[in-house]
Amino acid sequence: MEKQDIFTLIEGQFSPTEYRELMLSIFKSKIRFHRRKNFSTKERFGKDDENAISRMLELQETLASIFKVIETAEKENQVLEIRAEIIFNFTNSTP
């Protein structure tokens, strides 16, 4: 039996400055998480955690794209609306 829970993380309108601050906080936190994960793997196994490194690069690329959105919003004097949800899916672990 599958179960799903949905939680609202962010919902509202934000100025480009607020949006930048919010996105930086979220993405930097995620990047730090993967940096610590990679460090832990290196300490325990003597090698990089390829998944953590890959995810850090993806997050940095996404953040660069977000900065472009912010630039556009600033130039056009626009507010940005965000709706971000966290979705948890619970499934049986046996096939």
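In the predicted model, a nonpolar patch on the surface is formed by Phe7, Leu9, Ile86, Phe88 and Phe90, which together have about 480 Å² of accessible area. Two elements, strand 1 and strand 2, each give two or more residues to this patch. The largest share, three residues, comes from strand 2. Leucine 9, one of the patch residues, lies in strand 1. With a relative accessible area of 52%, leucine 9 is classed as exposed, because the exposed class begins over 50%.

Two members of the patch, Phe7 and Phe88, also take part in ring pairing. The count of aromatic pairs in the model comes to one. In this pair, the ring centres of phenylalanine 7 and phenylalanine 88 are 5.7 Å apart and the ring planes stand at 75°, so the arrangement is edge-to-face; planes over 60 degrees apart are assigned to that class. The pair links distant parts of the chain, with phenylalanine 7 in strand 1 (residues 3-14) and phenylalanine 88 in strand 2 (residues 80-90), 81 residues apart. Phenylalanine 7 has a relative accessible area of 46% and is therefore partly exposed. Phenylalanine 88 is likewise partly exposed, at 41%.

Charged side chains were examined next. Side chains of opposite charge can pair when their charged atoms come close. Six salt bridges were counted in the model. One of them joins the side chains of lysine 3 and aspartate 5, with a distance of 2.9 Å from N to O. Lysine 3 is partly exposed, its relative accessible area being 43%, and aspartate 5 is also partly exposed, with a relative accessibility of 23%.

A further salt bridge is formed between arginine 20 and glutamate 74, whose closest N and O atoms are 2.9 Å apart. This pair links distant parts of the chain: arginine 20 belongs to helix 1 (residues 16-45) and glutamate 74 to helix 2 (residues 50-75), with their positions 54 residues apart in sequence. Both partners fall in the partly exposed class, arginine 20 with a relative accessible area of 27% and glutamate 74 with a relative accessibility of 38%.

Within helix 2, the side chains of glutamate 58 and arginine 55 meet in a salt bridge of 3.0 Å, N to O. The two residues are three residues apart in helix 2, and are therefore separated by about one helical turn. Glutamate 58 is partly exposed at 36% relative accessibility, and arginine 55 is partly exposed with a relative accessible area of 31%. Elsewhere, Glu11, Arg83 and Glu85 are joined into one network by salt bridges that share partners.

Two polar residues of helix 1 were then considered, both in relation to aspartate 49. Asparagine 38 lies in helix 1. At 10% relative accessibility, asparagine 38 counts as buried, because the buried class covers values under 20%. The side chain of asparagine 38 reaches the backbone nitrogen of aspartate 49 at a distance of 2.7 Å. When neighbours within four places in sequence are left aside, asparagine 38 is in contact with Asp48, Asp49, Ala52 and Ile53.

Threonine 41 is likewise located in helix 1. Its relative accessibility is 10%, and threonine 41 is therefore counted as buried. A polar contact of 3.4 Å joins the side chain of threonine 41 to the side chain of aspartate 49. Residues up to four places away in sequence not being counted, threonine 41 touches Gly46, Lys47, Asp48 and Asp49. Asp48 and Asp49 thus appear among the contacts of asparagine 38 and among those of threonine 41.

Lysine 75, finally, is found in helix 2. At 70% relative accessibility, lysine 75 counts as exposed. Lysine 75 and phenylalanine 33 are 42 residues apart in sequence, and their C-alpha atoms are 33 Å apart in space.

Notes:
Residues are numbered from 1 along each chain as its sequence is written. This is a predicted model: local features need pLDDT of at least 70, side-chain atom pairs count only at pLDDT 80 or more; totals for chains, interfaces and linings use all residues. Side-chain values use heavy atoms; hydrogens and water are left out. A salt bridge is a side-chain nitrogen of Lys or Arg within 4 Å of a carboxyl oxygen of Asp or Glu. Buried means under 20% relative accessible area, exposed over 50%, partly exposed in between (1.4 Å probe, protein chains only). Helices (H or I, at least four residues) and strands (E, at least two) are DSSP runs, numbered from the N terminus. Rings of Phe, Tyr and Trp (its six-membered ring) pair if their centres lie within 6.5 Å; planes under 30 degrees apart count as stacked, over 60 as edge-to-face and the rest as tilted. A polar contact is a pair of N or O atoms within 3.5 Å; within protein, one must be able to donate a hydrogen and the other to accept it, and residues adjacent in sequence count only if both atoms are side-chain atoms. Contact means heavy atoms within 4.5 Å. Patches are made of residues with over 30% relative accessible area and no salt bridge: like charges are joined within 9 Å, nonpolar side chains (Val, Leu, Ile, Met, Phe, Trp, Tyr) within 5 Å. Accessible areas come from the Shrake-Rupley method with a 1.4 Å probe; for residues, only the protein chains shown count as cover.
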